[in-house]
Each structure stands twice: as structure tokens, then as C-alpha cells.
Amino acid sequence: MTVVGPFGLSVRDQALETDVQAGLAAVEAGLLEATKSEVPFITDAAQHLVRAGGKRFRPLLVMLASRFGDPYAPGIVPSAVVVELTHLATLYHDDVMDEADVRRGVASANTRWGNSVAVLTGDFLFARASHILADLGPEAVRIQAEAFERLVTGQILETAGPRDGRDPVEHYLDVIAGKTGSLIAVSGRFGALMSGADESVVDILTQYGERLGTAFQLADDVLDIASDSHESGKTPGTDLREGIPTLPVLRLRETAARDGNPDDLELVRLLDGDLTDDAVHADVLARLRVHPALEQARRDTIRYAQDARATLAPLPECFAKSALEELCDAVVHRAG
């Protein structure tokens, strides 16, 4: 039994383990090949985040979803490369928008080469993903285009904020369904579709990916408040300091507006103030860790993970289904 992929997923079948490892190795080789350019500088920039590593969550999902058809079909690995290239491209762009200094333990591309190079490198990765997609057929191109539209729409909605009268929590859930859920849904869809699985199976794994992707992001929101740096891989309260409206904060604002509790209103005031002061930041973080809003965010996360797990119910019992269920359980574990 070997641990593969994110969260320390344990694959309990030797044949599945071998195939998943081989598939992920092929994806890694495909990523390096797809990011090569005749211009050495472009190769360096395009391979910067590939070589920095990562969970390869999306390719793993493609591999597991392919087990419900022919897992050796020729489109499996290329489609996994496409979703990971697309994900990597969004990271280059996100780091420019967020003015991030570090990504995956290395200097972000915008820090190393500047914003223009980072944005253009992201565009280069999108172009390479499109080139691979063209060989997978018009249906694959259409699926990816729709997902990319949702992804960009989610980013725009996040930047614009909720319109007047819109529930901020509902708005936020729409944002992460687009930014995170859409591409993870495509991972499940591509794996099943390229393997020739039945249409009903393709639909199930698409819905599963969407819900799991949302749960995964919500778990990150909880971890930003509740974890230590060793557990989360980043400094606790990073999103707080940067003013990113994560779910625990939105739940706090919701409670404060509804109940008018003076302590809650004071905490909201601090959140709206200057959190660059370490003492103020630490105080806000400590208060949020014991606030019922954090537990509400945990329940929201668990609900999405349980919904994703329930989506799998019609699928036949097999080791791949068990692995997909374990991914849901791992998200619940991360959220506490």
C-alpha cells in the first residue's frame, strides 16, 4: 500500500497503485515536454512551477476517474496534462493579482522576472494546453473552454465583490465553484470521458469533482485560521492579513450583522482595519479560532465533502471508488 497524490491518499490495490503511479509519471513527463520552448528563457519561466512540484491533485483525479472505463486509453494522460497546465497557468496570473512573493516554496514568477513575464508565461501555458486539446477532439475543446470561462468568471466575481443585496456567502460559494470547482470537475469528466465510460458515469464524476473542489477550497479557508504553519504549509492567517474574504470571516460578518453582539462587531472592526501589525493580527486570529463562525465554516466544508462522497453512490464498488471516497474523507480530516 503506497501513499500517492494529495493528503497522503492510500491506494489499497497493487494494480491500481502501479497504474496510478505510472500515469502520474507520464503526466510529469508530459508537463516538462509541453513547457519546452525553442527560447531557453521561456522554458525556464514555463517550467518554474512545474519543477517546484505540487499535489498534482487534478491529474490524480483524471487517473482515478479513468478506472471506470479503459484506463489505458490514449487520451487519459494528455487530458491530465491539459488540466494541470491550465491550473499552473492560473497560478502565474493569481500571483500577479495577489502580488505574491512565494509559490510552492520558491520565488513566484512575478517576483523573479516581473509581472509582464509572469502574465505572458501563464498565457504560454494556456496556449500549450490548447495545442494538446486540439488532438483530443472538438468535445474536449468545448469542455475545456466552458470550464475556463467559469474559472475566469469566478475570478472576476471575486474581484468585483457581491452586488447590492446579494448574500456574501452565496456569492463566495459561486466564486470558488468557478475558480476551483470547475477545473476539478473537468478532471473527473476528462478521466471518465477519455476512458469511454458510460455517460451516466461521466456525469457522476463531473458532479463529484465540482463538489470536492469546493470542499477542498473551504478546507483551506478553515486551515488558514485553525492550523499551525506546519500543518497548512503557510503562515496562519495569511488570507486574513491580505484581506481575502474567506468563509470563516464571512460567517463572522453574517453573525455580527444579524445579532449585533458587541464583541463580534469589535472583531469585524479589527478585520476591517490594519492587520499588518503583528500584535493585532495575532489577537484577531486568536479570537477567530474560538468563534462559532469557524465551526460553522467547518460544517459547511464537511457538508460539501459528504455531498461529493454521496454522489459516488451509484458507481460500482471497486478500489478506484474507494480511493475517491477517501479523498472526501481526507478533506473532512483537513477541516478538523
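Analyst: The expected span of a helix is 1.5 Å times one less than its number of residues. Keep that rule at hand for this model, which is predicted.

User: What span should the 23 residues of α8 have, and how far apart are its end C-alpha atoms?

Analyst: By the rule, α8 should span 33 Å, and its end C-alpha atoms are 33 Å apart, so the two agree. Helix α8 takes in residues 138-160. Just after it comes G161, whose phi is positive, at about 80 degrees.

User: How do I apply the rule to α15?

Analyst: In the same way. Helix α15 covers residues 278-289, 12 residues in total, which should span 16 Å; the end C-alpha atoms lie 16 Å apart, so this helix agrees as well.

User: And what does α1 reach from its first C-alpha to its last?

Analyst: The 21 residues of α1 reach 30 Å, close to the 30 Å expected at 1.5 Å a residue.

User: Which residues of α1 are buried?

Analyst: The cut-off comes first: a residue is buried when its relative accessible area is under 20% and exposed when that area is over 50%. In α1, the buried residues are L16, E17, D19, V20, G23, L24, V27, L31 and A34. They lie on the same side of α1, because they cover an arc of only 165 degrees around the axis.

User: Where do the buried residues of α15 lie around the axis?

Analyst: In α15, H281, V284, L285 and L288 are the buried residues. Their arc around the axis is only 100 degrees, so they too sit on the same side of α15.

User: Which residues of α8 are buried?

Analyst: They are A140, I143, Q144, A147, L151, G154 and Q155. Take A147 as a case: its relative accessible area is 7%, so it counts as buried. Its C-alpha is 8.5 Å from that of A185, and the two residues are 38 apart in sequence.

User: What does G154 tell me about H171?

Analyst: The idea is to set the distance along the chain beside the distance in space. H171 and G154 are 17 residues apart along the chain, with 9.6 Å between their C-alpha atoms. H171 belongs to helix α9, residues 168-194, and with a relative accessibility of 7% it counts as buried.

User: How far from P59 is I184, C-alpha to C-alpha?

Analyst: The separation is 9.3 Å, with the two positions 125 residues apart along the chain. I184 is also in helix α9. A relative accessible area of 1% makes I184 buried.

User: Is D272 buried or exposed?

Analyst: Exposed, because its relative accessibility is 52%. D272 is in the loop between α14 (262-271) and α15. Its C-alpha is 43 Å from that of L24, a residue 248 positions away along the chain.

User: What is the sign of phi at R56?

Analyst: Positive: phi is near 55 degrees, in a residue other than glycine. R56 sits in the loop that joins α3 (48-52) to α4 (57-65). A loop residue can be checked against the same cut-off; at 9% relative accessible area, R56 is buried.

User: How much space lies in the second largest pocket?

Analyst: About 150 Å³. Of the 14 residues that line this pocket, D19, G23, M63, P71 and Y72 are the closest to its centre. Two of these, D19 and G23, are also among the buried residues of α1.

User: Which helix gives the most to the lining of the second largest pocket?

Analyst: That is α1, with 4 residues. Both α1 (14-34) and α5 (76-98) supply at least two residues each. Sorted by class, the lining has 10 nonpolar, 2 polar and 2 charged residues.

User: Now the whole chain. How many helices and strands does the protein chain have?

Analyst: The protein chain has 17 helices and 4 strands. Its C-alpha trace spans about 60 × 50 × 40 Å along the principal axes, and buried residues make up 50% of its 336 residues.

User: What radius of gyration would a compact globule have with 336 residues?

Analyst: It would be near 20 Å; the protein chain has 20 Å, so it agrees with the value for a compact globule.

Technical notes
Residues numbered from 1 in each chain as written. Predicted model: local features only at pLDDT ≥ 70, side-chain atom pairs only at ≥ 80, totals over all residues. Heavy atoms only, no water. 1 Å grid on protein atoms, 1.4 Å probe; cavity = no way out; pocket = protein on both sides within 12 Å on 5 of 7 lines; lining within 4 Å. Points joined across faces, edges and corners; volume = space filled by probe spheres on them. Nonpolar A, V, L, I, M, F, W, Y, C, P; charged D, E, K, R; others polar. Buried < 20%, exposed > 50% of the residue type's maximum accessible area, 1.4 Å probe, protein only. Arc of directions from axis to C-beta. Rg over C-alpha atoms; globule rule 2.2 N^0.38 Å.
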